[in-house]
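This report describes the architecture of a single protein chain. Please consult the sequence and coordinates shown here alongside the text.

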Amino acid sequence: MSQPQTRSQPQVADCRRDFPALQQQVSGHPLAYLDNAASAQQPQAVIDAVARYHGEDHANVHRGVHTLSHRATEAYEGARDKIRDFVNAASRSEIVLTKGTTEAINLVAQSFCRPRLGPGDEILITHLEHHANIVPWQLVCEQTGATLVVAPINERGELELEACLGLMSEQTRMVAVAHVSNALGTINPVADIVAAARELGVPVLLDGAQGVPHMAIDVQALGCDFYTFSGHKMFGPTGTGVLYGRETLLDAMPPYQGGGDMILEVSFEGTTYNELPYKFEAGTPNISGTIGLGAAIDYLNGVGLDRIARHEDELLSYMTRKLADLPGIRLFGTAASKASVQSFLVGDIHPHDLGTILDHQGVAIRTGHHCAMPVMQFFGIPGTARASLALYNTEADVDQLIAAITKAQRLFA
Ligand code: 7TS
């Protein structure tokens, strides 16, 4: 039986004290950091892990016989094992380390799709994708003559599931869908999408950049073929990321880039490639960043993904209620199933002006198109203001946001 909640139990937001960046003032106000969908802050444990590598273990990986290289390799490959556990991949061969979600999706587009596509073939995405899950597919369509097909959304910012499933056909060669929308916060019905695609034998890529920080991910339970995410949105360093790929598919794919580490043997007559996952990891990788990502995973596991999801759901409801109560506000993204993000516009205040006024009151949000221009085109707006939550945010952050917006409204009245 679960323990009854008592006042003495630690709250998720108590973790705030683990994040040095959150202890500062901005423009004379405590920092209310509500731009987590762009990049989340790092706990001291991540900063320390990166510093320890730089201070004590810095050497190249996979190639030295000396002590520091052994230590660096152990820490780097140890991070891969943590990532495998974290998303429950069947094998460490399925965890390809990249510099982020963007590189992971480009890798699949070029290495998996490009050799398989031709005129008449289709790639299915949705109207709410981040540019990183649009442009790589446009590129490969241009290269091969294939067609990009886009599933529609509705006014709440939800995927029209029936229409989406209706667009899958014998011609579909790949379905690529955000797990969670970065601009609207919509959690897509990925189980239904994966089930329908599997019936047709079509592989599915889930863009998990906004999924991983907010909910427990099990790639085997999801049943997807590829799952992509970025370290910097899950409290790790920038320049780190992951492509999970089903081993049989990765095995059949040619390398994405050539260079050191991805080979077994090179001669001018020909080159043989390394085993998975190294076949896809050419050159010296982001060693310190990946070690930091491993530390971020330890941190997330320590707090508990289920507790984080519960905390953020409650706080998102609180924030949405408070925002909706403001006069002249328009909310974008009101799906039934959402995570951690609310986009909005306030009267005729330009979102950039609003963001600047908020910054002067210590509130950090993102404004603009959020690299999801088609979403803005759907709503007929140039951009929005977006507040996005993480595990360390509190009702006090939301109250500071609301007070700052109220002040902006007075200034523009
Ligand atoms: N996919 C989604 C759903 C994203 O939210 C982002 C980044 C990316 C892909 C690309 O990730 P990257 O780490 O490779 O750049 N999203 C955002 C955002 O919402 N604001 O800034 C970056």
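The sections below treat the domains, the two sheets, the cavity and two backbone features in turn.

## Model and domain organisation

The structure is a predicted model. The domain assignment divides the chain into domain 1 (12-37 + 304-412) and domain 2 (47-301). Domain 1 is thus written as two segments, 12-37 and 304-412, whereas domain 2 is written as the single range 47-301.

The centres of domain 1 and domain 2, taken over C-alpha atoms, are separated by 28 Å. Across the boundary, 37 residues of domain 1 are in contact with 32 residues of domain 2.

## The seven-stranded sheet

An open sheet is built from seven strands, with mixed pairing, in the order β4-β10-β9-β8-β7-β5-β6. Why is one side of β4 and of β6 left without a neighbour in the sheet? Each of these strands, β4 (95-98) and β6 (147-151), stands at an edge and has a single partner strand, so one side has no neighbour in the sheet. From one strand to the next, the twist averages 20 degrees.

At the β4 edge, the partner is strand β10 (residues 241-245); β4 and β10 pair in the antiparallel sense over four bridges. Within this pairing, I95 stands opposite Y244 in β10. Helix α2 (residues 67-87) packs on the sheet and touches β4, β9 (226-230) and β10. The direction of helix α2 makes about 120 degrees with that of β4.

## The four-stranded sheet

Another open sheet contains four strands in the order β13-β14-β17-β16, and its pairing is antiparallel. Its edge strands are β13 (329-332) and β16 (366-368), each of which pairs on one side only. Neighbouring strands of this sheet are turned against each other by 30 degrees on average, with direction ignored.

Edge strand β13 is joined to strand β14 (residues 341-346) by four bridges, and the two strands run antiparallel. One bridge can be located by residue: L331 has F344 in β14 as its bridge partner. Strands of a sheet pair through backbone hydrogen bonds, either parallel or antiparallel.

## The internal cavity

How many cavities of 30 Å³ or more does the model contain? The count comes to one, and the volume of the largest cavity is about 30 Å³. Its lining consists of N36, A37, A40, Q210, P213, H214, K233, F235, L389 and A390.

By class, six of the lining residues are nonpolar, three are polar and one is charged. Both domains contribute to the lining of this cavity: at least three residues come from each of domain 1 (12-37 + 304-412) and domain 2 (47-301).

## Backbone features in loops

Two loop residues deserve separate mention. The peptide bond from L276 to P277 is cis, with omega near 0 degrees. P277 is placed in the loop between β12 (270-273) and α9 (287-303).

The other residue is S27, which has a phi near 50 degrees, a positive value in a residue other than glycine. S27 lies in the loop between β1 (25-26) and β2 (29-30).

Terms used:
Residues numbered from 1 in each chain as written. Predicted model: local features only at pLDDT ≥ 70, side-chain atom pairs only at ≥ 80, totals over all residues. Heavy atoms only, no water. Pairing = 2+ DSSP bridges. Axes fitted to C-alpha atoms, helices over the stretch in contact; angles between N-to-C directions. 1 Å grid on protein atoms, 1.4 Å probe; cavity = no way out; pocket = protein on both sides within 12 Å on 5 of 7 lines; lining within 4 Å. Points joined across faces, edges and corners; volume = space filled by probe spheres on them. Nonpolar A, V, L, I, M, F, W, Y, C, P; charged D, E, K, R; others polar. Domains from an automatic or database assignment. Contact = heavy atoms within 4.5 Å.
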